[in-house]
2 protein chains.
Amino acid sequence: MEEYSEKQLSILTVAERLFADQGFHGTSVRDIAQEADVNIAMISYYFGSKDKLLESIFKYRMETSRKFINELLENDTMEPLQKINSLIDRFINKMLGEQYFQCIMSREQLNSQQSPIRDLIWQLKGEMLGLMRPIVTNAQEAGIFYKDVDVEMLMTSLFGTIHQVIPAKHILRTNPEAKDLNDDEYREYLKNRVGTHLKKLFKAILTHEF
Amino acid sequence: MEEYSEKQLSILTVAERLFADQGFHGTSVRDIAQEADVNIAMISYYFGSKDKLLESIFKYRMETSRKFINELLENDTMEPLQKINSLIDRFINKMLGEQYFQCIMSREQLNSQQSPIRDLIWQLKGEMLGLMRPIVTNAQEAGIFYKDVDVEMLMTSLFGTIHQVIPAKHILRTNPEAKDLNDDEYREYLKNRVGTHLKKLFKAILTHEF
DNA sequence: GTTTAAATTAAACGTTTGTTTAACTTTGTG
DNA sequence: CACAAAGTTAAACAAACGTTTAATTTAAAC
């Protein structure tokens, strides 16, 4: 657990946004320094290198992802389908709340050569799956959920749909429904729309009901 | 419609793979020249610049996507659900068959600053949506599909799921089912698995049946 | 065979890249 | 105040970048 000063956080935040918008190699340390209003040398001084800066972003964000997972493990009083719905809502909230980081993840998971970062991503995905699977399995054994469910594919659709929505948000805005919303309203509209959609998908597949 | 010589095609193919694996800015023209076994200058000579090389890749691949769409518009004898299933199969075949290009699309659609390429991507997505929507609408009016369906979100899940499967293919390989398959067998296994999953999703949402 | 255009090459071009240096300022401590 | 550590700076570094040049080879046409 590392503590960051205001200046360090500024660098992290700016770098995260630029990496998301232009890619890691498409962003120069000079870009970052300029937008964060710090001297170029400070980046190496604080983080060691551009690569380690990216690593720091991952460590920083993944820490909160772990907390997120642990929080979810505690809600044990709900019905299986309620659990699923709550999980979906929280995933959407989390991922749309850190869109820049999710963009970086989308990009980095495509890199073919294996790296510590790529390993971290798939490890995290595995943990998310580990969160969903027991809920489903338990409900299946209790006869509440149907048996032949490809939980892995269901999670793939969950992540994939949200990851598609993030870059599509500029475009979906042109919908007549969403045309006149301000940014906050639109964000809520999006969350609601993708949430409704995903809950419908999961409910249908898991319970064969609507 | 441009015709490419063997050498030009070699450059295009190599560049496509490298852009997919390492990103556009993560790949140097020297990398491309070396792997394609041509002189560096030939890239500028044939394509004008690195940027235009990427554009050429897009034009090349998108041409086949347009053909793909037109082919699909002809199958008019099938039942609505058959059409949907056929569409899903063809999407999967197409996208997994050009994984490198799909990776590039995944990356490029994340770029925040608008570019001709980004516009092309969303235009193509719009056309894919335009392919699905009338099938659904017609079947809805015929009382075969249910009314309240978010076709746009359904397509988002379709693309998102496949785009997630592409980088996940290295990982999914570790499944006990897929462990001992060779590359071709594994590709078929993947296609079948994601296809079954997506057809189930669509059928459930559209017909409320299983 | 000569001429003209296209293809190909190694070398060099000017930028931009990530990183480091060395000097300087600020801050905290005794 | 004095001293040491941390923070900050402009400048410089070599390396890599995309692109161009000018010279040479190959191919095609007459």
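Analyst: Ala, Val, Leu, Ile, Met, Phe, Trp, Tyr, Cys and Pro count as nonpolar, Asp, Glu, Lys and Arg as charged, and the others, Gly among them, as polar. The model discussed here is predicted.

User: How do the residues of the surface near DNA strand D divide into these classes?

Analyst: That surface has eight nonpolar, four polar and four charged residues. Of the 16 residues around the strand, A:N39, A:A41, B:S28, B:S49 and B:K50 come nearest.

User: Which helix gives the most to the surface near DNA strand D?

Analyst: Helix α3(A) does, with four residues. At least two residues each are supplied by α3 (40-47) of chain A and by α2 (29-36), α3 (40-47) and α4 (50-72) of chain B.

User: How should one read the relation between chain A and chain B?

Analyst: In general, two copies of a chain are related by a rotation about an axis and a shift along it. Here a rotation of 180° with 0.0 Å of shift superposes chain A on chain B, with an RMSD of 0.0 Å. The two copies are thus related as by a two-fold rotation axis.

User: Which residue of chain A comes closest to the rotation axis?

Analyst: A:G160 does, its C-alpha lying at 2.0 Å.

User: At what angle do the axes of α1 and α6 of chain A cross?

Analyst: Two packed helices are described by the angle between their axes and the distance between the axes. The axes of α1 (residues 6-22) and α6 (residues 99-108) of chain A come within 8 Å and cross at roughly 50°. These helices are therefore oblique to each other, and the crossing of α1(A) and α6(A) is left-handed.

Technical notes
Residues are numbered from 1 along each chain as its sequence is written. Chains are lettered from A and ligands numbered from 1 in the order in which they are written. This is a predicted model: local features need pLDDT of at least 70, side-chain atom pairs count only at pLDDT 80 or more; totals for chains, interfaces and linings use all residues. Axes are lines fitted to C-alpha atoms, for helices over the stretch in contact, and angles run from 0 to 180 degrees between N-to-C directions. Angles under 35 degrees count as roughly parallel, over 145 as roughly antiparallel, 65 to 115 as roughly perpendicular and the rest as oblique. A crossing is left-handed if the near helix is turned anticlockwise from the far one by less than a right angle, and right-handed if clockwise. A residue is near a molecule or strand if its C-beta atom, placed from the backbone, lies within 6 Å of it. Copies are superposed by least squares on the C-alpha atoms of residues with pLDDT of at least 70 in both.
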